[in-house]
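I wanted a quick look at what sits around the ligand and how a pair of helices pack. My notes follow.

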Amino acid sequence: MTTLTDTATPAAAVTRRPVTGFLHSWDLSTGVDGPGTRFVTFLSGCPLTCLYCHNPDTWRMRDGKRTTADDVLAEAAKYTKFISAAGGGATVSGGEPLLQPVFTGELLHRLKHDLGLHTALDTSGFLGVRATDALLRDADLVLLDIKSRDRDTYKKVTGRPLRPTLDFARRLADGGKDVWVRFVLVPGLTDDPDNIEGVARFAASLGNVSRVDVLPFHKLGEGKWAALGKDFTLRDTPSPTARQVATAREIFAAQGLNAV
Ligand code: SF4
């Protein structure tokens, strides 16, 4: 009698095509890309063109290095013990990781299940429709950039419409996914109190936002814009003062949010 086991290809003999994607770089970071010390992979390619982007060298996918998920996992595995002991995890960032949803999904799945790490997806949400439910299940946390609540300002900042990000935020809320909202405070661009309050009210209405990072605008990426022959239009824009940052955090806190 032939059994299923007899005819099935032994698992070890199945050759699975390696999942590949375009990677800009990886790094270890603490405090800004999720809880604890994290192994952060920066994927290449982004559909947005944020005026304050400090990594415009990630914008074109083809400028990244084609890399296998195996290679990324092997690199992350070197730090697993240290990261776990430090209460950290792994974050898939960019660029925009959802521009490469298969690669991103594979990384999140294996970082979580093969290495046992806490996982985070760092996204603008613009391509949220490309995130499958399975991909989201493998992300313990989503870092969601809401760059403005005002449609015109969002378009001015990113070159793209706001709606997909709001839709994605609501989907994450419906699924009870833990979310940290990230908001970049840019004097003269995103710092209108009505705009900040709009983001705060929206974030508070979701019910799943455990933290808001108010990130002060800086110009550390200005040199990259010049190297790419791109015009950095915010060159004369100052960083916000400590008082301006504190005021923005107070606006979020007034909506019951944990703003840092
Ligand atoms: S979404 Fe991020 S990577 Fe893309 S342009 Fe904006 S700041 Fe840069």
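**Helix crossing, then the ligand site**

I started with the helices, keeping in mind that this is a predicted model. The crossing of helix 8 and helix 10 came out right-handed. I then pulled the geometry: helix 8 covers residues 193-206, helix 10 covers residues 242-253, and their axes come within 8 Å and cross at roughly 40°. That angle is over the 35 degrees cut-off for roughly parallel and under the 65 where roughly perpendicular begins, so I logged helix 8 as oblique to helix 10.

Next I went to the ligand. Which pocket does it take up? The ligand's space turned out to be the largest pocket. I listed the residues surrounding the ligand: C46, L48, C50, C53, W59, G95 and K147. By class, this shell splits into five nonpolar residues, one polar and one charged.

G95 from that shell got a second look. I found G95 in the loop that runs between strand 4 (89-93) and helix 4 (101-113). I also checked the backbone there: the peptide bond joining G94 and G95 is cis, with omega about 15°. So noted: G95 is part of a cis peptide bond and also one of the residues around the ligand.

Note on methods. Residues numbered from 1 in each chain as written. Predicted model: local features only at pLDDT ≥ 70, side-chain atom pairs only at ≥ 80, totals over all residues. Heavy atoms only, no water. Near = heavy atom within 4 Å. 1 Å grid on protein atoms, 1.4 Å probe; cavity = no way out; pocket = protein on both sides within 12 Å on 5 of 7 lines; lining within 4 Å. Sits in = over half its atoms within 2 Å of the grid points. Nonpolar A, V, L, I, M, F, W, Y, C, P; charged D, E, K, R; others polar. Axes fitted to C-alpha atoms, helices over the stretch in contact; angles between N-to-C directions. Helix = DSSP H or I, 4+ residues; strand = E, 2+ residues; numbered from the N terminus. Parallel < 35°, antiparallel > 145°, perpendicular 65-115°, else oblique. Left-handed = near helix turned anticlockwise from the far one by under 90°.
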